[in-house]
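User: Could you take one part of this structure and walk me through it closely? I'm just starting out, so plain words please, and tell me how that part ties in with the rest.

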Amino acid sequence: RLLKPLDMHDTTCGLNAEAAKSMADQLPAAYERDKGQLVESRYGHVPWITQPSPGASLRGPVRELGRFYEMMQRGGQSETGEQLVATATIDQMTLRHRVGEYDQTLQHTVDFGLGVVCNSNKYGVETVPYGFGQHSSDATFGHGGAQCSIGFSDPERRLVVAWSANGFCGEGLHQRRNRIINDAIYVDLGLT
């Protein structure tokens with residue numbers, strides 16, 4: 001009811017073994033650091049891509065992640081104006097529900113909505129993990145994939161960003177890469 005109207009036909013919640021086998025040539029190779037070298041990651045292969053995981057089972061092209069955030073930025077409407085999710089639901093999802101609390105997983109103070117991270121630059125723009133860059137507005141919300149991707153909406157600047165890298169380079173390097181890419185997007189678009 002949500003993916004099809006958004007033309008997110010290649011996004012799926014989990015892959016079964018048969019689908020993983022038939023799509024093998026379409027799945028990107030992912031790399032990780034091992035003893036200072038980049039090696040192909042086991043996380044891009046069976047059994048990892050077929051096991052359910054609350055934070056890692058939704059898979060699809062990054063362009064489709066962007067379509068999802070565009071829908072959220074439009075208050076739950078598709079590109080053609082069809083109301084797919086109530087605007088009140090989007091407002092509740094992006095409202096700060098957990099504010100000023102230290103997150104044990106991210107090891108930083110981060111504000112959360114319902115299923116999204118809210119811009120937490122006020123707790124350290126150069127240190128907040130999976131942040132949206134120093135130029136993002138306070139209303140920005142989104143989420144990052146573990147050391148590999150991010151998707152977010154900055155409604156004040158009418159900007160949606162979705163990007164993915166094929167390397168798990170370690171948290172420190174990824175956080176630096178994330179900040180550099182996100183800052184460069186704002187600079188290149190003249191939104192600083």
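**A pocket and its surroundings**

Analyst: Let's start with the second largest pocket, which is lined by Asp103, Thr105, Leu106, Phe112, Gly115, Val116, Val117, Tyr130, His143, Gly144, Gly145 and Ala146. Keep in mind that you're looking at a predicted model. How much space lies in this pocket? About 280 Å³.

Which strand gives the most to the lining? That would be β9, which covers residues 141–145 and supplies 3 residues. You can pick out His143, Gly144 and Gly145 among the lining residues. If you sort the lining by class, you get 6 nonpolar residues, 5 polar ones and 1 charged one. Asp103 is on the lining list, and it is charged because Asp belongs to the charged class.

Now let's follow a couple of these lining residues outward. Take Tyr130, which is part of the lining. Leaving out residues up to four places away in sequence, Glu171 touches Tyr130 and also Gln147. Glu171 sits in helix α4, which runs through residues 171–188. Is Glu171 buried, exposed or partly exposed? With a relative accessible area of 37%, Glu171 is partly exposed, because that value falls between the 20% limit for buried and the 50% limit for exposed. Glu171 and Gln147 are 24 residues apart along the chain, yet their C-alpha atoms are separated by 6.1 Å.

Leu106 is another lining residue to follow. It leads us to Pro129, which is in contact with Leu106, His108, Val110 and Gln175 once its neighbours within four places in sequence are set aside. Pro129 belongs to the loop between β8 (117–118) and β9. Its relative accessible area is 8%, so it is buried, since buried means under 20%. How far apart are the C-alpha atoms of Pro129 and Asn178? They are separated by 8.8 Å, with their positions 49 residues apart along the chain.

Gln147 turns up again when we move on to Gly167, which touches Tyr31, Gln147 and Arg177, not counting residues up to four places away. You'll find Gly167 in strand β12, residues 167–168. At 12% relative accessible area, Gly167 is buried. Its C-alpha atom is separated by 6.3 Å from that of Cys148, even though the two are 19 residues apart along the chain.

Next comes strand β10 (residues 149–154), where Asp154 is found. Asp154 has a relative accessible area of 0%, so it is buried. Which residues does it touch, leaving out those up to four places away? Gln73, His135, Ser136, Ser137, Thr140, Leu159 and Tyr186.

For contrast, have a look at two loop residues. Arg158 lies in the loop between β10 and β11 (159–164), and at 75% relative accessibility it counts as exposed. It has a positive phi of about 55° although it is not a glycine. Lys35 also has a positive phi, about 55°, without being a glycine. Its place is the loop between β2 (31–34) and β3 (37–40), and at 79% relative accessibility it counts as exposed.

Finally, let's zoom out to the whole chain. It has 4 helices and 12 strands. Its radius of gyration is 17 Å, close to the 16 Å that the globule rule gives for 192 residues, so the chain is as compact as a globular protein of that length. Along its principal axes, the C-alpha trace spans about 40 × 40 × 35 Å. Of the 192 residues, 36% count as buried, and Pro129 is one of the buried residues. Among contacts with a separation of 6 or more, 43% are between residues 24 or more positions apart. The chain exposes about 11,200 Å², and carbon and sulfur atoms supply 52% of that.

Conventions. Residues numbered from 1 in each chain as written. Predicted model: local features only at pLDDT ≥ 70, side-chain atom pairs only at ≥ 80, totals over all residues. Heavy atoms only, no water. 1 Å grid on protein atoms, 1.4 Å probe; cavity = no way out; pocket = protein on both sides within 12 Å on 5 of 7 lines; lining within 4 Å. Points joined across faces, edges and corners; volume = space filled by probe spheres on them. Rg over C-alpha atoms; globule rule 2.2 N^0.38 Å. Buried < 20%, exposed > 50% of the residue type's maximum accessible area, 1.4 Å probe, protein only. Contact = heavy atoms within 4.5 Å. Areas by Shrake-Rupley, 256 points an atom, 1.4 Å probe, with all protein chains shown as cover.
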